[in-house]
2 protein chains.
Amino acid sequence: MEGGRPTRLTPDDTAVAGGRLRNAGLRATRPRQTVLALLDGWAGHHAVDDLSAALVDLGHRFPRQSVYNVLDDLVRVGLALPADTGPGRALYERAGDWHHHFVCLDCGAVMDVPCAIGDKPCLDAAVPGAEIDEAQVIFRGRCADCADRGPADA
Amino acid sequence: MEGGRPTRLTPDDTAVAGGRLRNAGLRATRPRQTVLALLDGWAGHHAVDDLSAALVDLGHRFPRQSVYNVLDDLVRVGLALPADTGPGRALYERAGDWHHHFVCLDCGAVMDVPCAIGDKPCLDAAVPGAEIDEAQVIFRGRCADCADRGPADA
DNA sequence: CTCGTTCCTTTGACTCCGTCCAATCAACCC
DNA sequence: GGGTTGATTGGACGGAGTCAAAGGAACGAG
């Protein structure tokens, strides 16, 4: 799997992240650069706590609130995406093609599902008068690993 | 809208609910009968706290945990549905036709969106080896009321 | 009807995620 | 290199959901 959790962030990484931030109209502060660089090098879906822990491992300790602030900003300008997987703690992922998510009911794994359309909104709904921005699909079931392990046990 | 919050629960209501519980393989305990009767007579999507408050108004005070337990059981046997609307507090609704949800980004209103198929899974996904039980769609945008109130203000 | 087993309910405290607020500090513009 | 604007920080708060243990109720058998 490409994009495993980065083991270090080079000055280049943060510099690139800074440019992208400024391009998006955001100030290139250290927390933002760091979080964005981390997210860019780390595929998958990550809870705020996981991101915080990863940052600590990389030598950057930020308060919880800073991570929340940064993620809110990144989502607002489209540099990060909130990964909809239903109730529970929020997950974030780096920006990319519009896609959906499959959630395993057994092990909780989350994986991307390519969207047939690739842009949003990719489905239409019969809601009179409403403006639909996006249609997010959550597939639920049992992933290949769990399906192999047994018909329906715990 | 039919099915506004019930103002009372008759002995008949709870008796009927008891029968449905036993049919589903559950013991017909008082909390279960009461919650199920309330849910059946109350269309829409309700948070656990809202249900608790409604129960108090009806003269039934149950601990939070009892409501959680009952809802878990009802969902497990298919007498209630968790209404997927993304991160945040969990919403529940009475069982019925399989459908999706539209969430207004401005006012937070949740409304049902009929599913074209009406059964699950209503969409397919390219997840090799996985068993897909359901595909839940969350539409996001601005509801008719909010769209009328202004182009894109707060 | 009564007993007994099994399952459910209840109680309280606890954990975790996310938010609010005020004060300090840094980034960008000139 | 200052000044202004905006972001970061830290502590405290609230709310949703969970865990474990003890008491109580529902159903079936006798």
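Which of the 20 residues around DNA strand C come nearest? In this predicted model, in which local features need pLDDT of at least 70, side-chain atom pairs count only at pLDDT 80 or more, and totals for chains, interfaces and linings use all residues, side-chain values use heavy atoms, with hydrogens and water left out. Residues are numbered from 1 along each chain as its sequence is written, while chains are lettered from A and ligands numbered from 1 in the order in which they are written.

The nearest residues to DNA strand C are A:Asp49, A:Gln65, A:Tyr68, B:Thr29 and B:Ser66, where a residue is near a strand if one of its heavy atoms lies within 4 Å of it. Of the atoms of DNA strand C that come within 4 Å of the protein, 62% belong to sugar and phosphate. A polar contact is a pair of N or O atoms within 3.5 Å; within protein, one must be able to donate a hydrogen and the other to accept it, and residues adjacent in sequence count only if both atoms are side-chain atoms. Phosphate oxygens of DNA strand C lie 2.8 Å from a backbone N or O atom of A:Ala28 and 2.9 Å from a polar side-chain atom of A:Arg89. A base oxygen of this strand is 3.1 Å from a side-chain N or O atom of B:Arg27. Two or more residues of this surface come from each of α3 (48-57) and α4 (64-77) of chain A and α2 (30-40) and α4 (64-77) of chain B, with α4(B) giving the largest share, 4 residues. Helices (H or I, at least four residues) and strands (E, at least two) are DSSP runs, numbered from the N terminus.

Turning to DNA strand D, the nearest of its 19 surrounding residues are A:Thr29, A:Ser66, B:Asp49, B:Gln65 and B:Tyr68. Here a polar side-chain atom of A:Arg27 lies 3.0 Å from a base oxygen, and a backbone N or O atom of B:Ala28 lies 2.9 Å from a phosphate oxygen. For this strand, α4(A) gives the most to the nearby surface, with 4 residues.

How are the two protein chains related? A rotation of 179 degrees with 0.0 Å of shift along its axis superposes chain A on chain B, with an RMSD of 0.1 Å (by least squares on the C-alpha atoms of residues with pLDDT of at least 70 in both). That is the relation of a two-fold axis. The copies meet through the same surface, because 100% of the interface residues of chain A are also interface residues in chain B.

The contact (heavy atoms within 4.5 Å) takes 31 residues from chain A and 32 residues from chain B. About 2500 Å² is buried between the chains, and carbon and sulfur atoms give 61% of that area; buried area is the accessible area (1.4 Å probe) that two parts lose on being put together, summed over both. In chain A, the residues that lose the most area to chain B are A:Glu131, A:Phe139 and A:Arg140, together 21% of what that side buries. There are 6 salt bridges between the chains, each a side-chain nitrogen of Lys or Arg within 4 Å of a carboxyl oxygen of Asp or Glu. One of them joins B:Glu131 to A:Arg142, with the closest N and O atoms 4.0 Å apart. On the side of chain A that touches chain B, β6(A) supplies the largest share, 12 residues.
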